[in-house]
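Here are my notes on this one, written as I went through it. Have the viewer open and follow along point by point.

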Amino acid sequence: MVLEPVIGLEVHAQLKTSTKIFCSCSTSFGAPPNTHTCPVCLGMPGVLPVLNKKVVEYTIRMALATNCAVAGESRFARKNYFYPDLPKGYQISQYELPIAQGGHIDIEINGDVQRIGITRIHMEEDAGKLGHDPQRPISMVDFNRTGVPLIEIVSEPDIGSPEAAGAYLRQLRSIVRYLGICDGNLEEGSFRCDANVSLRPAGSGALGTRTELKNLNSFKHVEKALHYEINRQKEVILDGAAVVQETRLWDPEKNKTTSMRGKEEAHDYRYFPDPDLLPLVIDEQWIQKIKTGLPELPDQKKRRFVREYDLPTYDAGLLTSERELADYFEACVRCFPNAKQVSNWIMGPLLGLLNAEDKAIAAVPVSAADLAQLLELIDKGTISGKIAKSVFDEMAQTGKPPATIVNEKGLVQITDSGAIAAVVSRVILNCPKEVKAYKKGKTKLLGFFVGQVMKETGGKANPKLVNELLKSKLAG
Ligand SMILES: [Zn+2]
């Protein structure tokens, strides 16, 4: 029996509003415990929640960007459960009438475009945070996070592989960052994901029993955990046993999932409409206004880059993954209009540097104008491509413009054929053995001679001239 995985993802994205969803406490991260609290977010008796309009606006932005229909009327509901980090004993969420439903986004895997359905997007408040003291047998609670606004984005079970799940999450993260509604920081927990996974006979329309995976705080963990879980379920089914519906925790150290608890059903939460909050009515005009204000989204930008700059899809995808990177590329192309060359330098040395130092583009001292100037220096033949790499490294270290570095270090390319010819003659004189072999037909040695000349000139000789002069002198 051939089994195929069916994956659905639930993503919680923390909205970047300055205040909480139902009170005016600050949402900033890292404050001393329990300093961002008030009677409302602590759930004191007699208080009333007041909805933060910015939360609604941000959610509508996301709904429109993912092709969802925004409900003219939606409701908040109480999700009841008991846990020490939840002071009210319930979480205000949305249940039967969420703010947005029925959307989709397109993802690309190995050149194939796949459409992933979005079932719904709803707003809710975050819970607090428990801290466990390793020295003493006690736990402490911090309510700063209580009431911080979240949106939950629930996908259709349309995702057919761990790789597709990774692509979907990256695309979703890219969208929330483009929209400026969430910083998408997985490590700090402002972008979190739970995965539902089940198996079914390939081609069957039915759904098998699913498990829910938690604690997936990096894209790599999501893909690894799904691979593990798919194989685990496969073994269970092929053994003739049944998969148990449950919540499982990913252990990144042991690279396995372990059972955490039996999976709750919706009815376990005793949902009911929150009587403290009016139904949320959104008028069409507001939706239209938000729609007009949406930025160009990653997908649109990617298609435009292919069209406008004639870039390969791969380049366009990478350059548009972050808005700042795309802006940087465009600023650079405005000064130096060879788009493919700009793309090569961004995807190569620049991204290499960002990845190695785990930096954002804003933290790199090489401005787009300076990178463009560097490419111009190569283009005009002032410096060679090889020297340019070392100039780039220096720019990244010091923030100096490329022309300054080239002048200070005397890196200007030698294009005087008389000067190069002298070095070529010297090299030929110093390597009689290699010259003999070359003349006997070992023409591969040309590279060796080029290397020698470059060494003598500190890499500054014009490579084209070096090649030409070497060939003619060695032929003579
Ligand atoms: Zn508060």
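1. A cut-off to start with, since several points lean on it: buried means under 20% relative accessible area, exposed means over 50%, and partly exposed is whatever falls in between. Glu-308, at 48% relative accessibility, therefore goes down as partly exposed. Keep in mind throughout that this is a predicted model.

2. Staying with Glu-308, its side chain meets that of Arg-304 in a salt bridge, at 3.2 Å from N to O. Both sit in helix 5 (residues 298–309), and because they are four residues apart there, about one helical turn separates them. The two ends of the pair fall into separate classes: Arg-304 counts as buried at 14% relative accessibility, while Glu-308 is partly exposed at 48%.

3. That pair also belongs to something wider. Glu-296, Lys-301, Arg-304, Glu-308 and Glu-330 are linked in a network of salt bridges. For the structure as a whole, the search turns up 27 salt bridges.

4. Which salt bridge partner does Arg-173 have? Its side chain meets that of Glu-322, with 3.6 Å from N to O. Arg-173 is in helix 2, whereas Glu-322 is in the loop between helix 6 (313–319) and helix 7 (323–335), so this pair ties together parts that are 149 residues apart in sequence. Glu-322 counts as partly exposed, at 23% relative accessibility.

5. Now have a look at helix 3 (residues 219–238). Arg-232 and Glu-229 both lie in this helix, three residues apart, which is about one turn. Their side chains form a salt bridge at 2.7 Å, N to O. Are these two residues buried or exposed? Both are buried.

6. On to the sheet. It is an open one of nine strands, with mixed pairing and the order 2-6-7-10-1-11-12-13-14. At the edges are strand 2 (69–70) and strand 14 (256–262), each of which pairs on one side only.

7. Strand 1 (residues 3–14) deserves its own point. With strand 11 it pairs in the antiparallel sense over 11 bridges. To find the register, put Leu-9 opposite Ala-195 of strand 11; Gly-8 has Asn-196 of strand 11 as its bridge partner.

8. Strand 1 is also joined to strand 10 (residues 149–155), by five bridges, and these two strands run antiparallel as well. Here the landmark is Ala-13, which stands opposite Ile-151 in strand 10. Of the 12 residues of strand 1, 11 are buried, so the strand is largely enclosed by the rest of the structure.

9. Turning to the surface, there is a negative patch formed by Asp-183, Glu-187, Glu-188 and Asp-358. Where does Glu-187 lie? It is in the loop between helix 2 (162–179) and strand 11 (191–201). At 68% relative accessibility, Glu-187 counts as exposed. That loop links two elements already met above: helix 2 holds Arg-173, and strand 11 pairs with strand 1.

10. One last residue to click on is Lys-464, in helix 15 (residues 463–475). Lys-464 counts as exposed, at 61% relative accessibility. Its C-alpha atom is separated by 9.4 Å from that of Thr-415, a residue 49 positions away along the chain.

Note on methods
Residues are numbered from 1 along each chain as its sequence is written. This is a predicted model: local features need pLDDT of at least 70, side-chain atom pairs count only at pLDDT 80 or more; totals for chains, interfaces and linings use all residues. Side-chain values use heavy atoms; hydrogens and water are left out. Patches are made of residues with over 30% relative accessible area and no salt bridge: like charges are joined within 9 Å, nonpolar side chains (Val, Leu, Ile, Met, Phe, Trp, Tyr) within 5 Å. Accessible areas come from the Shrake-Rupley method with a 1.4 Å probe; for residues, only the protein chains shown count as cover. A salt bridge is a side-chain nitrogen of Lys or Arg within 4 Å of a carboxyl oxygen of Asp or Glu. Lys and Arg count as positive and Asp and Glu as negative; His and the chain ends are not counted. The place of a charge is taken as NZ of Lys, CZ of Arg, CG of Asp or CD of Glu. Buried means under 20% relative accessible area, exposed over 50%, partly exposed in between (1.4 Å probe, protein chains only). Two strands pair if DSSP finds at least two bridges between them.
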